[in-house]
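Colleague: I am new to this structure and would like a close look at a single part of it. Please take your time and keep the explanation connected.

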Amino acid sequence: MENQVGKTKDVGFQFGIRKTFPVSTEKVWDFLFSKNGLKIWLGKLKNELEIKKEYETENGITGLVRVFKANSHIRLNWKSKNWENMSTIQIRVIGNQEKTTVAIHQEKLLNAEQRAEMKEHWNEIMNKIGTEIKKASR
């Protein structure tokens with residue numbers, strides 16, 4: 001059997017993206033969890049994002065927040081309304097006062113098609129995050 005890009009032994013297909021911004025970790029974290037930031041990467045929430053609580057967005061994404069460590073990372077279950085499966089997303093901010101890397105990793109994707117869909121999705125999201133961070137740091 002041939003190796004497929006993004007296929008893991010244990011967690012199905014996965015995708016990850018990283019991008020570094022010339023601002024502090026705290027500023028990036030605060031943006032990601034602001035109303036505008038959450039709307040960009042998660043969607044407009046119908047309820048509060050809380051640890052060990054389920055959440056739902058207006059565009060039908062549902063899940064459960066598993067881990068939340070301020071200024072570090074969040075790990076949550078994530079299911080699109082038209083999916084049968086539940087995936088896992090982890091977002092980390094890594095850096096210092098001068099620059100910060102945002103790392104988004106999604107695993108437990110069903111197949112190569114779903115991975116390709118999410119690769120396109122997260123590339124678009126990362127570009128939007130970059131645009132907003134650039135605007136805010138002027």
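In which loop does Asn71 lie, and what can be said about this residue and its surroundings along the chain?

Modeller: Please keep in mind that this is a predicted model. Asn71 lies in the loop between S3 and strand S4, the latter covering residues 73-78. The backbone deserves attention here, since Asn71 has a positive phi of about 60° although it is not a glycine. As a general matter, most residues other than glycine have a negative phi. With a relative accessible area of 34%, Asn71 counts as partly exposed, because that value falls between the limits of 20% for buried and 50% for exposed.

On one side of this loop is strand S3, made up of residues 62-69, and Phe68 belongs to that strand. Phe68 forms an aromatic pair with Phe33, and this pair is edge-to-face, with 5.3 Å from centre to centre and 85° between the planes. The pair links distant parts of the chain, as Phe33 sits in the loop between helix H1 (25-32) and helix H2 (35-41), 35 residues apart from Phe68. Phe68 itself is partly exposed, at 37% relative accessibility. Ring pairs also join Phe33 and Phe68 with Trp29 and Trp41 into a cluster.

On the other side, strand S4 spans residues 73-78, and Trp78 pairs with Trp83: their ring centres are 5.2 Å apart and their planes stand at 70°, so this pair is edge-to-face. Both Trp78 and Trp83 are buried.

Key
Residues numbered from 1 in each chain as written. Predicted model: local features only at pLDDT ≥ 70, side-chain atom pairs only at ≥ 80, totals over all residues. Heavy atoms only, no water. Phe/Tyr/Trp six-rings, centres within 6.5 Å; stacked < 30°, edge-to-face > 60°. Helix = DSSP H or I, 4+ residues; strand = E, 2+ residues; numbered from the N terminus. Buried < 20%, exposed > 50% of the residue type's maximum accessible area, 1.4 Å probe, protein only.
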